[in-house]
2 protein chains.
Amino acid sequence: MSAPSYDPARIEYLCFAAARQDFLAGRDDPRAFLERCIARVDEFESEVRAFARLDLEGARKAADASARRYRQAQPLSVVDGLPIGIKDCFETFDMPTEVNSACFAGWQSDRDAAHVHALRSGGAVILGKTVTTELTMAAPGPTRNPWDLARTPGGSSSGSAAAVAAGMLPAATGSQARGSIIRPASICGVVGFKPTFGALNKAGGFDPSPSLNHLGLLAGTLTDAWEIAQHIGQVAGGDPGCAGLSGEAALPAACRPLRLARQYTYGWTLTDPASKEAFERFLKQLLSSGVEILEPDSAPELLAYEDATRRTPEFFFDLMMWEMRWPMLGYRDRRPEALSPTIHNYLERASAMSLADYRRALDRRAELQAMHRSLRGKVDGFLTLAHIGPGQLGLPPVGTPWYNDPSSAIGAPSVNLPVLAVDGVPLGAQLMGFEREDSALVAQARWLLERFGSRFALRV
Amino acid sequence: MSAPSYDPARIEYLCFAAARQDFLAGRDDPRAFLERCIARVDEFESEVRAFARLDLEGARKAADASARRYRQAQPLSVVDGLPIGIKDCFETFDMPTEVNSACFAGWQSDRDAAHVHALRSGGAVILGKTVTTELTMAAPGPTRNPWDLARTPGGSSSGSAAAVAAGMLPAATGSQARGSIIRPASICGVVGFKPTFGALNKAGGFDPSPSLNHLGLLAGTLTDAWEIAQHIGQVAGGDPGCAGLSGEAALPAACRPLRLARQYTYGWTLTDPASKEAFERFLKQLLSSGVEILEPDSAPELLAYEDATRRTPEFFFDLMMWEMRWPMLGYRDRRPEALSPTIHNYLERASAMSLADYRRALDRRAELQAMHRSLRGKVDGFLTLAHIGPGQLGLPPVGTPWYNDPSSAIGAPSVNLPVLAVDGVPLGAQLMGFEREDSALVAQARWLLERFGSRFALRV
């Protein structure tokens, strides 16, 4: 499947924060940086297929304007000149938003999503829209895994993860209702940052799971993920009614976690032996680095919480099914042929639900959130694999969300740490923190990446 | 200003719940009911101007289909055959949604708003879109008050209130971020029901204040308002993540409130003497009917709460300004000429805000909510005027929201009771309850309307 000319060994991740220093010092400029991204696109995109649409002309114009601002030492913000990709479920006034669905073919709104407006008004350079799965939840798009073209890149933020992993962009936006940021980040070996629920304004796009869906970042470095998230948070705020992303503009100082709860969740039973082994080795290394790892049976409240997270699937799907009724049932009524069999199956289940069913699922979620909050102060975070293994061979499916459901249900922030590899392709560890303590989570993630970042290059 | 042919004395409110009994008994049918509505439209609409758009053909087709279902004794729901108007900020797949703004001129989405889908799938007959103010918050539309064409109908659910008051429809949908349901209901003398925040799914429309905005009903009778709200709540649910409207499908039994807190709020100082007198008389009648009226100075916690509600304006506007930044700043960037000076002024203030300002306003709101919740069990509800007086002469402005801010900020349910009149035109009393206790509120509202409903006809 992989073309002879394609060589993953040539992949190099980009870091915009470093480039920005060069822009400010006059050693580099945004147009030159963009052209290097475009050169990667020219080289890899025909194989990787990360983009639903590219806007080279618009991007070059924006990069030139940014370059002029840097020459005058007047950049608009930390994202001025940043080439970025936008997940194609979010609106852009100058490009269609097609959500990989016939329902949205050619659809273009007259506005930018809230975070796109924040990026663009800060001088960022929108290079294109990145591929997602059908309506962010069903049939996969054409994107392939840059580390092995025969494998899935994960989803639903498939194109964002792949574009960053192929070094075509330093960062791209993603969204996660179940596992759609952390999972493709794990499979493509990039940093994924899913902040606290509501911390970044996700308005302005197709969103079938509003009470679950998080806006977040996929990036080559934690610095970029954090700085871009902070910029979006300050300009666009969080979801309406939410306090927005906490923390400072600069990446928090590294902080060694003292005590991490190791979790199995429903995902462990589905994880392949090699991935289990890689994770166990990682835990041993943490131990020898002075991080205490608490197994679930080390304390009754951890065991109860582990049990509760394993049972997340009992209610999670009901939350999604009820929330997708609108507007999906309307699309089904009028354009049934535009939806895949998977979506039709979902909608059959959604149609059979009552408000009482949804209320029961909400109550279950609230119980899980309360258990998680009660562990504050007792552990510094929670560690699992980020996915049940490396990306599967063949495109469908785009991976499973079992390791990601708990943090999506709880709304707690999580980071994919691209520190493991199995069969020569990436696998991530997932670190989850506590709601509204994004900064503390990222400080620990930084420590872990600085300590184990050599694996980032996937040479082990 | 009022045409000689126009005579408010001919106004008669419609009640769909009663008509439905006749449909079921074969004494009447939805098409005939619709034709009576259309006859009122023919008679009054040229003066009242409640509709942004009518769809007579679509409505007649839907009414005929409904009539067939009743003939087969198989109505789809309690709203089958209900002629209803949709506030023109909510999407309809078969009619444009123009929000009284050049920004949306001719704009038509391919979907129904969540509540419109719930109504339509239950067999309701969408007669048209009702006029709102510019972007639901600025320049008034052309609608006039059916009780006195020289007066404002209130806003922003202007057309919905006026269409019901003119007897053109039994009910219409509205939305309220500050006072946009209760205020026009008060001014037009109809029932306004603003449920608990999040109780009815408001998705699918232009919404510049998502953390404040409530979907609700304007109706000729409390029965219709409640039954329609319950239908929407069961089919479309509440806002995602919310438990949705509580209570049963049928109107709760009337229940005399034992103890109501009388509030002044910021509105009292702006209220004209005649309206103050009308309200004081109403309170005296309540007292003599066995309802205890607690003045703010009767208990320290009531005084503190009264003081806090008076200070709602200190933070309320900040909540609105921050939330309207998106997508309004984008519209301003690209189409400044499409926005009124009022909107430009708002956006200047919005631009000057920081996330920290918004967080402070959220904290203030949370404090007010906590004070309100602490009064649970101590009083049965809160009583104020619903507006500072009858609708002003001349169209702008559409009234003031000072009496409505507290319940909008708190998210507590409220009802406009059309029980007062000043200068021969309507003025409402506002009864506010406690969050998620909509049923208890409506039971009290029913008791009050049954007791004082003679004034409903505005003959006192």
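What rotation superposes chain A on chain B, and with how much shift along its axis?

**Figure 1. Superposition of chain A on chain B in the predicted model.** Chain A is brought onto chain B by a rotation of 180° with 0.0 Å of shift along the axis, and the RMSD is 0.0 Å. The two copies are thus related as by a two-fold rotation axis. A:Ser109 is the residue of chain A that comes closest to this axis, its C-alpha lying at 4.9 Å. Both copies use the same surface, since 100% of the contact residues of chain A recur in chain B.

**Figure 2. The contact between chain A and chain B.** On each side of the contact there are 27 residues: 27 of chain A touch 27 of chain B. On the side of chain A, two or more residues each come from α4 (114-121), α7 (222-236), α10 (313-334) and α12 (355-373). Helix α10(A) gives the most to this side, with six residues. By class, the side of chain A that touches chain B holds 13 nonpolar, ten polar and four charged residues.

**Figure 3. The open sheet of chain A.** Eleven strands follow the order β1-β3-β2-β4-β6-β5-β10-β11-β9-β7-β8 in chain A, and their pairing is mixed. Strands β1 (51-54) and β8 (292-294) of chain A have a single partner strand each and stand at the edges, so one side of each is left without a neighbour in the sheet. Between neighbouring strands the turn is 30° on average, direction ignored.

**Figure 4. Strands β4 and β6 of chain A.** Strand β4 (residues 171-176) and strand β6 (residues 214-219) of chain A are antiparallel and joined by six bridges. One of the bridge pairs sets A:Ala171 against A:Ala219 in β6(A).

**Figure 5. Helix α3 on the sheet of chain A.** Helix α3 (residues 56-71) of chain A lies across three strands of its chain, namely β1, β2 (83-87) and β3 (125-130). The helix runs at about 155° to β3(A).

**Figure 6. The two domains of chain A.** Domain 1 of chain A covers 8-252, and domain 2 covers 313-359. Their C-alpha centres lie 28 Å apart. Where the domains touch, 13 residues belong to domain 1 of chain A and eleven residues to domain 2 of chain A. The side of domain 1 that touches domain 2 in chain A is made up of nine nonpolar, three polar and one charged residues.

**Figure 7. Sheet order and a strand pair in chain B.** The open sheet of chain B has eleven strands with mixed pairing, in the order β1-β3-β2-β4-β6-β5-β10-β11-β9-β7-β8. At its edges are β1 (51-54) and β8 (292-294) of chain B, each paired on one side only. From one strand to the next, the twist averages 30°. Within this chain, strand β5 (residues 191-194) pairs with strand β6 (residues 214-219) in the antiparallel sense over three bridges. B:Phe193 has B:Leu217 as its bridge partner in β6(B).

**Figure 8. Helices α5 and α8 on the strands of chain B.** Helix α5 (residues 158-165) of chain B lies across β1, β2 (83-87), β3 (125-130), β4 (171-176) and β6 of chain B, and runs at about 150° to β4(B). Helix α8 (residues 273-288) of chain B lies across β7 (259-262), β8, β9 (381-385), β10 (414-422) and β11 (425-432) of chain B, running at about 110° to β10(B).

Methods
Residues numbered from 1 in each chain as written. Chains lettered and ligands numbered in written order. Predicted model: local features only at pLDDT ≥ 70, side-chain atom pairs only at ≥ 80, totals over all residues. Pairing = 2+ DSSP bridges. Helix = DSSP H or I, 4+ residues; strand = E, 2+ residues; numbered from the N terminus. Axes fitted to C-alpha atoms, helices over the stretch in contact; angles between N-to-C directions. Contact = placed C-beta atoms within 7 Å. Domains from an automatic or database assignment. Nonpolar A, V, L, I, M, F, W, Y, C, P; charged D, E, K, R; others polar. Least-squares fit on C-alpha atoms with pLDDT ≥ 70 in both.
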